[in-house]
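Student: I want to test the labels used for this model against their definitions. Can we start with the space inside?

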Amino acid sequence: MFRRLAKIFFLPLIFSLAFMQPYVYIGGFRAVPADIIFLLAFGFWFLSLLTGQTRFRWHRFYWLLIFYFAAMLVSAVFSVNPRTSFIKLLGEIYLLSLPVLTFNLIENERDLRRSLQSWLAATALVVAVGFLTVFLFYFQRDNWLLNYTLFSFGTLPPGNYPRVHLTFLNANMLCNYLSVSLMIVLIFQKLGWINKKIFYTLLAGILFGAAFTISPSLGGIALSLGVWWWICFKKSEPLFAKTILAGGILAAAAFILAVMIAPSLHPTAPFFVDVPLIEKRIAPSGRIMTWMDSWRTFSENPFFGRGVGQDACDVRYFDLTERLQTLTDAHNVFLNVAAQMGIFGLLAIFAIIFYITRKTFPLAFDETNRSVYRVGFGLAFISAFFYQGIGGSYEDARHLWVLIGFFLIQDSGFKIQDKNSEF
């Protein structure tokens with residue numbers, strides 16, 4: 001009974017990952033609907049273990065999770081503020097439990113398909129909110145919904161265009177989530193699990209919603225889409241495949257370059273660079289400033305960091321609306337982890353990325369569904385966690401830890417159908 005209840009609550013948990021509003025504060029940290037549902041799903045699964053209704057499934061990847069947790073635990077002990085660090089540590093235990101719970105509750109390919117369907121159902125709702133938001137922005141600007149779905153311009157020049165975060169807390173996290181949804185849609189299309197009209201509608205909606213985030217994460221979407229289509233067409237249409245791959249790589253590089261340069265000179269810039277030939281002076285972006293200050297934090301606390309959950313940096317930045325922003329996040333996964341948890345946390349993150357990246361190869365499909373899962377989930381992770389992690393801090397994104405669980409499932413060896421089989 002407990003096992004069945006855990007699986008029942010797991011599907012709404014997957015669905016709720018797309019909704020970070022509304023939220024409440026607990027111990028100074030935000031709690032969203034997914035957190036409550038997780039407690040129910042995890043609680044029933046744990047009871048099923050205690051009562052012998054199910055057994056614990058071990059995966060060697062758990063050693064990396066243990067290593068990462070140990071780094072966080074030590075950093076909390078030596079934190080500049082142990083109380084808040086240990087509260088944050090409870091949240092990190094929750095995050096590390098997500099891939100374990102996912103791996104244990106998805107016991108066969110049917111469970112996996114249902115979980116991915118729940119993800120895409122949530123994505124469809126988010127996309128619908130995106131279309132509605134853009135429509136209201138231009139035709140009913142005073143609508144109450146826009147108070148919850150529009151995001152600030154940040155470092156972008158203000159203008160008569162909407163920048164959205166929809167059901168998420170910021171535009172970058174929305175784009176990160178949609179980049180994973182994109183790969184799941186492509187997996188469904190490759191396996192023939194989705195109607196063509198629904199596929200193209202959902203694909204267009206995801207790209208539409210992501211475009212209005214105007215986020216550096218768009219480079220990750222270009223990269224993963226370019227690599228996926230290169231794999232699909234490299235034999236049948238080699239020229240198209242190479243062109244789309246090159247386009248994806250160039251777009252990804254362009255977005256990384258764009259986040260490094262401020263759109264205009266600002267008085268808070270620590271230095272300026274005079275570009276030869278074009279005779280133009282440029283200033284470092286707010287991200288460059290947070291990267292520099294986070295590196296300083298890491299260099300001052302190389303072994304244990306400032307403590308998990310503590311500010312990685314302290315930067316003042318004037319945006320284009322002449323508003324002084326105080327930036328305390330590194331806007332980079334690696335520097336954020338290094339500043340908070342020191343060298344051991346950084347090594348753990350690199351080990352997690354290396355494991356999944358190595359397992360993603362070869363970038364090719366065979367006659368089994370497993371290769372589609374491996375490449376799809378792997379590219380989603382490389383795009384959303386590794387590439388997008390250069391310009392944003394996504395190490396605490398709930399949906400990415402569930403994605404890791406999905407990847408572990410195809411890596412676990414349980415029986416997966418071939419592409420032509422029916423459930």
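Tutor: Yes. The lining of the largest cavity divides into 5 nonpolar, 5 polar and 1 charged residues. Nonpolar means Ala, Val, Leu, Ile, Met, Phe, Trp, Tyr, Cys and Pro; charged means Asp, Glu, Lys and Arg; the others, Gly among them, are polar. This is a predicted model: local features need pLDDT of at least 70, side-chain atom pairs count only at pLDDT 80 or more, and totals for chains, interfaces and linings use all residues. Residues are numbered from 1 along each chain as its sequence is written, and side-chain values use heavy atoms, with hydrogens and water left out.

Student: What makes a space a cavity, and which residues line the largest cavity?

Tutor: The test runs on a 1 Å grid over the protein atoms alone. A cavity is a set of points where a 1.4 Å probe fits but cannot get out; a pocket is an open set with protein on both sides within 12 Å along at least five of seven lines. Lining residues have an atom within 4 Å of a point. Ser215, Pro216, Ser217, Ile256, Val259, Arg287, Tyr387, Gln388, Gly391, Gly392 and Tyr394 line the largest cavity.

Student: How many cavities of 30 Å³ or more are there, and what volume has the largest?

Tutor: The count is 1 cavity of 30 Å³ or more. The largest holds about 60 Å³. Grid points are joined across faces, edges and corners, and a volume is the space filled by probe spheres set on the points.

Student: What lines the second largest pocket?

Tutor: There are 14 lining residues, with Leu65, Ile93, Leu96, Ser97 and Val100 nearest the centre. Helix H2 (33-50), helix H3 (62-77) and helix H4 (82-105) each give two or more residues. Helices (H or I, at least four residues) and strands (E, at least two) are DSSP runs, numbered from the N terminus. By class, this lining has 13 nonpolar, 1 polar and no charged residues. The pocket's space is about 300 Å³.

Student: Why is Asn176 called buried or exposed?

Tutor: Buried means under 20% relative accessible area, exposed over 50%, partly exposed in between (1.4 Å probe, protein chains only). Asn176 has 0% relative accessibility, so Asn176 is buried. Asn176 sits in helix H7 (residues 171-191). Contact means heavy atoms within 4.5 Å. Beyond four places in sequence, Asn176 touches Ser217, Ala384, Gln388, Tyr394, His399 and Leu400.

Student: How do you know whether the span of helix H13 agrees with its length?

Tutor: The expected span is 1.5 Å times one less than the number of residues. H13 (residues 369-387) has 19 residues, so 27 Å is expected; its end C-alpha atoms are 26 Å apart, which agrees. Of those 19 residues, 17 are buried, so H13 is largely enclosed by the rest of the structure.

Student: How many disulfides are there, and what are the burial classes of Cys232 and Cys313?

Tutor: A disulfide is a pair of cysteine sulfur atoms within 2.5 Å. The count is 0. Cys232, at 25% relative accessibility, is partly exposed. Cys313, at 4%, is buried.

Student: What makes the backbone at Leu166 and Pro22 worth a look?

Tutor: Most residues other than glycine have a negative phi, and most peptide bonds are trans. Leu166 is not a glycine, yet its phi is positive, about 55 degrees. At 3% relative accessibility, Leu166 is also buried. The Gln21 to Pro22 peptide bond is cis, with omega near -5 degrees.
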